[in-house]
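Please study the sequence and the structure shown below. The exercises that follow each set a task and then work through its solution.

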Amino acid sequence: MGFEKKILCIGAGYVGGPTMAMIAHKCPQYRVTIVDINPDRIAQWNSDNLPIYEPGLDKVVKEARGKNLFFSTEIEKGIRESEIIFVSVNTPTKTFGAGAGMAADLQYWDKTARQIREHSASHKIIVEKSTLPVKTAQAMERILTINDNAVRFDVLSNPEFLAEGTAIKDLEDPDRVLIGSRETPSGLKARNELVEIYANWIPRERIITSNIWSSELSKLVANAFLAQRISSINSISALCEKTDAEITEVARAVGMDRRVGDKFLNASIGFGGSCFKKDILNLVYLCRYYDLKEVAQYWEGVVKINEYQKERFVLNMLNAMFNTLAGKRVCLFGFAFKANTGDTRESPAIFVAKRLLEEKAELVITDPQALDNAMRDLEGVDGKVSFNEEPYVAVDGCDAVAVMTEWDVYTGLDFERIYRSMAKPAFIFDGRNILDHKGLYEIGFNVFPIGKPALTHF
Ligand code: UDX
Ligand code: ADP
């Protein structure tokens with residue numbers, strides 16, 4: 001059977017994998033191939049154990065795989081054979097040279113652009129999926145056209161707004177799809193072609209178009225605004241702890257104003273994930289580059305509050321446990337940066353674990369999906385750490401529990417049983433405010449929520 005379109009995606013990660021699987025699932029008339037330089041990753045995508053955990057993903061992949069969805073390491077062949085190429089290679093924060101710790105590391109991007117140029121013999125639409133600094137499309141266009149080999153490329157920006165843990169739902173029913181293009185006849189034509197792909201399952205009014213720079217910038221700004229809400233509520237949680245106000249009550253009262261809205265106001269141990277910090281730092285770097293110092297400082301504050309919140313959590317633990325954690329056993333409930341994912345990138349749990357180890361605490365880490373990543377994250381770190389998927393076993397003999405991730409499973413545990421198995425006095429630090437604090441206190445725990453008065457027996 002001939003396919004209507006041949007689509008390629010370079011980069012089979014958290015963004016490329018689920019996004020392309022959804023396109024294949026919704027559009028059996030297209031052939032979708034995902035390539036990656038990492039052969040292990042591709043082998044996993046072709047196996048029963050997909051490389052990422054995402055509710056609903058298995059079903060979508062398994063239904064389309066081998067029919068119109070293919071995973072491969074043959075990047076060059078993929079480029080030659082495709083008309084539309086999505087690029088979703090990683091763009092981590094630079095760790096070296098100019099802009100280290102701030103700017104996006106574009107080496108994978110650059111490499112990919114060159115590879116596309118080298119192996120293209122016909123017109124192609126290149127779609128930026130990864131989050132990128134504004135004006136990356138321009139750099140991409142320059143790299144692509146340098147050969148002057150008469151092959152024409154149209155570069156589009158189509159940032160992905162999916163959140164991990166809800167990726168399938170977000171892809172199936174997104175708030176909006178954003179497509180940015182050059183406003184030239186060929187740019188607009190390319191843009192319409194991409195609109196047609198999404199229109200297979202997304203109502204047209206939710207597919208919005210813009211100029212290419214607005215699209216690139218919108219992605220950074222969307223993440224900055226979301227992170228800003230979390231830092232705002234987290235900063236107020238510190239004030240609540242001093243004033244006997246309760247952060248959940250404040251968030252509810254504030255969030256019921258429809259102009260503010262009630263989403264993303266859960267005080268926590270701090271935000272994690274591969275995007276927020278990276279994108280804000282990227283935004284800060286751009287502002288500095290354009291000499292907008294005040295704007296840069298404003299957004300940098302969002303990251304600073306997040307660092308402060310993580311450190312504050314550790315200092316609260318230290319303070320509550322009589323100013324020493326040396327030799328005490330602490331069980332971390334969760335290591336993923338949020339529930340329903342195995343991803344631990346920038347997880348606040350990494351920071352907390354390292355800080356607790358510095359204080360010479362012993363750690364036992366439990367998580368339903370993220371233990372492999374947790375082991376990798378803590379490889380080579382000094383101190384005593386063990387891992388156990390079973391929370392009742394993990395917590396046995398511990399002095400304290402610290403909730404790092406809001407997995408549902410933790411709210412349903414038998415805390416009477418847990419209390420009996422722990423050393424006394426037993427402490428719970430609820431970094432996600434998901435537990436029944438009064439109930440725990442009545443069992444005998446000393447309870448330290450975020451942004452609420454502590455409940456202690458001494
Ligand atoms: C985010 C954006 O939501 C998504 O649109 C973008 O495409 C990628 O970045 P993600 O990082 O997967 O998605 O997760 P998100 O749900 O946004 O959570 C990020 C972090 O904020 C997590 O650590 C989460 O636990 C934390 N968070 C979220 C809070 O601490 N409080 C909240 O109220 C919401
Ligand atoms: P994201 O969360 O943005 O999807 P990931 O790190 O999960 O980021 O995925 C990016 C993927 O891109 C990785 O699997 C990586 O191996 C792949 N990748 C990086 N550079 C290249 C490249 N030049 N060619 C093909 N794949 C690449």
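## Exercise 1: Two residues of one helix

Not counting residues up to four places away in sequence, Ala374 touches Phe335, Thr344, Ile365, Asp367 and Phe387; two residues are in contact if their C-beta atoms, placed from the backbone, lie within 7 Å. The model is a predicted one, in which local features need pLDDT of at least 70 and side-chain atom pairs count only at pLDDT 80 or more, while totals for chains, interfaces and linings use all residues. Residues are numbered from 1 along each chain as its sequence is written, and chains are lettered from A and ligands numbered from 1 in the order in which they are written.

Task: Determine where Ala374 is found and whether Ala374 is buried or exposed.

Solution.
- Step 1. Ala374 belongs to helix 14. Helices (H or I, at least four residues) and strands (E, at least two) are DSSP runs, numbered from the N terminus.
- Step 2. A residue is buried if 20 or more other C-beta atoms, placed from the backbone, lie within 10 Å of its own, exposed if 12 or fewer, and partly exposed in between. Ala374 has 27 other C-beta atoms within 10 Å and is therefore buried.
- Step 3. The C-alpha atoms of Ala374 and Ala353 are separated by 9.9 Å, and these residues are 21 residues apart along the chain.

Task: Repeat the analysis for Asp377, which is also placed in helix 14 (residues 371–377).

Solution.
- Step 1. Asp377 has 18 C-beta neighbours inside 10 Å, so Asp377 counts as partly exposed.
- Step 2. Leaving aside residues up to four places away in sequence, Asp377 touches Thr344 and Ile350.
- Step 3. Between the C-alpha atoms of Asp377 and Ile350, 27 residues apart along the chain, the separation is 7.1 Å.

## Exercise 2: The sheet

Task: State the strand order of the open sheet of six strands, and explain why one side of strand 11 and of strand 14 is left without a neighbour.

Solution.
- Step 1. The order is 11-10-9-12-13-14, and the pairing is parallel. Two strands pair if DSSP finds at least two bridges between them.
- Step 2. Strand 11 (385–387) and strand 14 (446–448) stand at the edges with a single partner strand each, so one side of each has no neighbour in the sheet.
- Step 3. On average, neighbouring strands of this sheet are turned by 20° against each other, direction ignored. Axes are lines fitted to C-alpha atoms, for helices over the stretch in contact, and angles run from 0 to 180 degrees between N-to-C directions.
- Step 4. Five bridges join strand 9 (residues 329–333) to strand 10 (residues 362–366) in the parallel sense. Cys331 has Val364 of strand 10 as its bridge partner.
- Step 5. Helix 12 (residues 293–320) lies across strand 12 (400–403), strand 13 (427–430) and strand 14, and runs at about 165° to strand 13.

## Exercise 3: Backbone in the loops

Task: Identify the residues that a cis peptide bond joins, and locate Asp291 and Lys360.

Solution.
- Step 1. Lys424 and Pro425 are joined by a cis peptide bond, with omega about 0°. Pro425 is in the loop between helix 16 (415–421) and strand 13.
- Step 2. Asp291 lies in the loop between helix 11 (276–289) and helix 12. Its phi is near 60°, a positive value in a residue other than glycine. Asp291 counts as exposed because it has 8 C-beta neighbours inside 10 Å.
- Step 3. Lys360 lies in the loop between helix 13 (348–358) and strand 10. Lys360 is not a glycine, yet its phi is positive at about 70°. With 14 C-beta neighbours inside 10 Å, Lys360 counts as partly exposed.

## Exercise 4: The surroundings of ligand 2

Task: Find which residues are closest to ligand 2, and which helix gives the most to its shell.

Solution.
- Step 1. Ligand 2 is surrounded by 20 residues, of which Gly11, Gly13, Tyr14, Val15 and Asn90 are the closest. A residue is near a molecule if its C-beta atom, placed from the backbone, lies within 6 Å of it.
- Step 2. Helix 5 (residues 107–119) gives the most to this shell, with three residues.
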